[in-house]
Amino acid sequence: MFTVHRLHKSYRDKSVLEDIDLAVNTGEVVALIGENGAGKTTLLRVILGQLKPDSGQVALHHETVGYVPQEAEAVGSIKDSFGAAEAWRIDYVLSLVGLEAITRSRTVSSLSGGQKTRLALAKVMVIEPEPTVLLLDEPTNNLDADGLAWLEQFIKNFKGGIVLVSHDRTFINKVATNIAELHKGQLKQYGGDYDFFKKQKKNEYQTEIQKNKVAI
């Protein structure tokens with residue numbers, strides 16, 4: 001579906017992404033994890049084309065990419081959020097996210113955190129052609145249990161590929177098919193959910209300890 005190959009990105013001579021490779025296929029949900037400041041949002045913005053890498057390439061293979069940032073804009077009315085989109089298209093995407101009953105003239109700032117997340121997804125889905133890749137940057141923020149349950153189903157029902165950034169390990173376990181860990185500029189991809197990732201990391205740690213003992 002899309003690939004990232006040997007990607008490098010630096011800021012003020014500080015390397016953030018080093019020789020990054022990533023592959024996301026149709027139907028996969030890749031959870032991008034790492035410490036705050038590891039470069040997760042930077043990687044999403046490079047994939048989207050908002051940032052230019054120092055070297056390497058992103059091959060989207062004619063996919064349409066939708067990006068939901070951490071902080072959704074809260075300006076104007078719901079209708080204003082969709083620009084020049086036709087009324088039927090707005091109705092369609094609002095129904096996709098469960099906001100079909102909401103008044104179009106309502107101000108975005110008056111929405112709850114969960115409703116703002118749904119609206120942000122609707123603004124992405126209104127793109128034509130409809131996105132086949134979603135980049136979701138901390139979409140679980142400000143969601144209650146009902147909101148998390150709704151988002152889980154939305155992700156599972158999406159037919160394309162998803163890259164998901166979240167610190168909610170329980171949520172990741174429910175939706176992720178792959179884990180991509182970004183650490184000190186390096187990215188390593190693992191098959192499976194977060195529990196499987198933890199087991200793999202533990203095995204890697206134990207293997208490293210054994211190697212060090214042999215070396216000594």
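Analyst: A word before we start: two strands count as paired if DSSP finds at least two bridges between them. Also, keep in mind that this is a predicted model.

User: Okay, which residue in β2 does V4 stand opposite?

Analyst: Start with the strands themselves: β1 covers residues 2–11 and β2 covers residues 14–24. They pair in the antiparallel sense, over seven bridges. Within β2, the residue opposite V4 is L22.

User: Which residue in the turn of the β1 and β2 hairpin has a positive phi?

Analyst: The hairpin has two residues between β1 and β2. One residue in that turn has a phi of about 50 degrees, and its name is R12.

User: What is the bridge partner of V4 in β4?

Analyst: β1 also pairs with β4, which is residues 55–59. That pairing is antiparallel and runs over four bridges. In β4, V4 has as its bridge partner V58.

User: Now for the open sheet of six strands. Which strands stand at its edges?

Analyst: Read along the order of the sheet: β5-β6-β7-β3-β8-β9, with mixed pairing. A strand at the edge has a single partner strand, so one side of it is left without a neighbour in the sheet. That describes β5 (65–68) and β9 (186–191).

User: Which residue of β7 is the bridge partner of A31?

Analyst: β3 (residues 29–33) and β7 (residues 161–165) run parallel. Four bridges join these two strands. The partner of A31 in β7 is L164.

User: On to helices. How is α2 described relative to α3: roughly parallel or oblique?

Analyst: Two packed helices are described by the angle between their axes and the distance between the axes. For α2 (residues 87–96) and α3 (residues 113–125), the axes are 9 Å apart and the angle is about 135 degrees. Roughly parallel needs an angle under 35 degrees and roughly antiparallel one over 145. That makes α2, relative to α3, oblique.

User: How many residues of the contact of α2 with α3 are nonpolar?

Analyst: From α2 come R89, V93, L94 and L96, while α3 brings L119, A122 and M125. None of these residues is polar and one is charged, which leaves the nonpolar count at six.

User: And how is α3 described relative to α4: roughly parallel or oblique?

Analyst: The axes of α3 and α4 (residues 145–157) come within 12 Å and cross at roughly 20 degrees. The cut-off is an angle under 35 degrees. That makes α3, relative to α4, roughly parallel.

User: What is the handedness of the crossing where α3 passes α4, left-handed or right-handed?

Analyst: At this contact, R118, L121 and M125 in α3 meet W150, L151 and F154 in α4. Don't mix it up with α2 passing α3, a crossing that is right-handed. Where α3 passes α4, the crossing is left-handed.

User: Last one: is I102 buried or exposed?

Analyst: I102 is found in the loop between α2 and α3. Leaving out residues up to four places away in sequence, I102 touches I78, L111 and Q115. The cut-off for being buried is under 20% relative accessible area. I102 has a relative accessible area of 9%, so the word for I102 is buried.

Notes. Residues numbered from 1 in each chain as written. Predicted model: local features only at pLDDT ≥ 70, side-chain atom pairs only at ≥ 80, totals over all residues. Heavy atoms only, no water. Axes fitted to C-alpha atoms, helices over the stretch in contact; angles between N-to-C directions. Parallel < 35°, antiparallel > 145°, perpendicular 65-115°, else oblique. Left-handed = near helix turned anticlockwise from the far one by under 90°. Contact = heavy atoms within 4.5 Å. Nonpolar A, V, L, I, M, F, W, Y, C, P; charged D, E, K, R; others polar. Buried < 20%, exposed > 50% of the residue type's maximum accessible area, 1.4 Å probe, protein only.
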